[in-house]
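Me: Hello! I am new to this structure and would like to go through it step by step. Could you show it to me before we start?

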Amino acid sequence: QVQLVESGGGLVQAGGSLRLSCVASGSIFSIVAMSWYRQAPGKQRELVASINNGGGINYADSVKGRFTISRDNAKKTVYLQMNSLKAEDTADYYCQSRLYSDYTNWGDYWGQGTQVTVSS
């Protein structure tokens with residue numbers, strides 16, 4: 001059993017900052033990559049940022065220069081520092097991880113989501 005638990009969402013004014021955290025726990029052999037996705041009302045879920053176990057990082061164009069993804073491997077935690085927030089960043093943010101639960105079995109796991117609301 002693997003669990004991903006997000007925290008750090010909330011209400012913030014435009015131009016403000018929030019830091020999201022996601023902790024992975026359970027039967028984890030190794031983590032390949034951890035990512036943040038978001039889904040705004042009436043829109044499809046989209047990738048915001050991802051970081052793999054080699055340190056490779058990708059960002060959606062809409063957040064480049066404003067958001068920073070990082071991870072603490074020892075704590076099995078991924079962070080998303082969000083600065084200069086805009087109203088269009090309002091969404092439910094989901095943590096996702098591709099990981100091995102043992103030497104041969106891998107899968108993609110999702111957290112329950114945390115809501116971010118940016119008021120203009």
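**A hairpin, a disulfide, a core and some salt bridges**

Me: In the hairpin of strand 4 and strand 5, which residue takes a positive phi?
Reply: Happy to start there, keeping in mind that this is a predicted model. The hairpin has six residues between strand 4 and strand 5. The residue with a positive phi, near 80°, is Gly 42.

Me: How many bridges join strand 4 to strand 5, and which residue stands opposite Arg 38?
Reply: Strand 4 and strand 5 run antiparallel, and six bridges join them. Across from Arg 38, in strand 5, stands Glu 46.

Me: Over how many bridges do strand 4 and strand 9 pair?
Reply: Strand 4 and strand 9 pair in the antiparallel sense. One facing pair is Ala 33 and Arg 98, the latter in strand 9. The number of bridges between strand 4 and strand 9 is nine.

Me: Which residues does the disulfide join?
Reply: A search of the whole structure finds one disulfide. Its S to S distance is 2.1 Å. The residues it joins are Cys 22 and Cys 95.

Me: How many residues apart in sequence are the parts that Cys 22 and Cys 95 tie together?
Reply: Cys 22 belongs to strand 3 and Cys 95 to strand 9. The disulfide therefore ties together parts whose separation in sequence is 73 residues.

Me: Is the disulfide of Cys 22 and Cys 95 left-handed or right-handed, and are Cys 22 and Cys 95 buried or exposed?
Reply: The torsion about the S-S bond is about -80°, so the disulfide is left-handed. As for Cys 22 and Cys 95, both are buried.

Me: Which residues touch the most other members of the largest nonpolar core?
Reply: This core has 29 residues. Several strands each supply at least two of its residues, including strand 1, strand 3 and strand 11. The residues that touch the most other members are Trp 36, Val 48, Phe 67, Val 78, Leu 80, Met 82 and Tyr 93.

Me: Leaving aside neighbours within four places in sequence, which residues are in contact with Leu 80?
Reply: Leu 80 is one of the core residues that touch the most other members. With neighbours within four places in sequence left aside, its contacts are Leu 18, Arg 19, Leu 20, Trp 36, Val 48, Ala 49, Phe 67, Thr 68, Ile 69 and Tyr 93.

Me: Is Arg 38 buried or exposed?
Reply: The relative accessible area of Arg 38 is 6%. Buried means under 20%. Arg 38 is therefore buried.

Me: How far apart are the N and O atoms where Arg 38 and Glu 46 meet in a salt bridge?
Reply: Glu 46 has 34% relative accessibility and so counts as partly exposed. The side chains of Arg 38 and Glu 46 meet with an N to O distance of 2.7 Å.

Me: How many residues apart in sequence are the parts tied together by Arg 38 and Asp 89?
Reply: Arg 38 also forms a salt bridge with Asp 89, with the closest N and O atoms 2.9 Å apart. Arg 38 lies in strand 4 and Asp 89 in the loop between strand 8 and strand 9, so the separation in sequence is 51 residues.

Me: With which residue does Lys 64 form a salt bridge?
Reply: The structure holds five salt bridges. Lys 64 is partly exposed at 48% relative accessible area, and its partner is exposed at 65%. The closest N and O atoms are 3.1 Å apart, and the partner is Asp 61.

Me: Which residues are joined into one network by salt bridges that share partners?
Reply: Arg 38 forms a salt bridge with Glu 46 and another with Asp 89. The full network is Arg 38, Glu 46, Arg 66 and Asp 89.

Terms used
Residues are numbered from 1 along each chain as its sequence is written. This is a predicted model: local features need pLDDT of at least 70, side-chain atom pairs count only at pLDDT 80 or more; totals for chains, interfaces and linings use all residues. Side-chain values use heavy atoms; hydrogens and water are left out. A nonpolar core is a set of buried Ala, Val, Leu, Ile, Met, Phe, Trp, Tyr and Cys residues joined through side-chain atoms within 4.5 Å. Buried means under 20% relative accessible area, exposed over 50%, partly exposed in between (1.4 Å probe, protein chains only). Helices (H or I, at least four residues) and strands (E, at least two) are DSSP runs, numbered from the N terminus. Contact means heavy atoms within 4.5 Å. Two strands pair if DSSP finds at least two bridges between them. A disulfide is a pair of cysteine sulfur atoms within 2.5 Å. A salt bridge is a side-chain nitrogen of Lys or Arg within 4 Å of a carboxyl oxygen of Asp or Glu.
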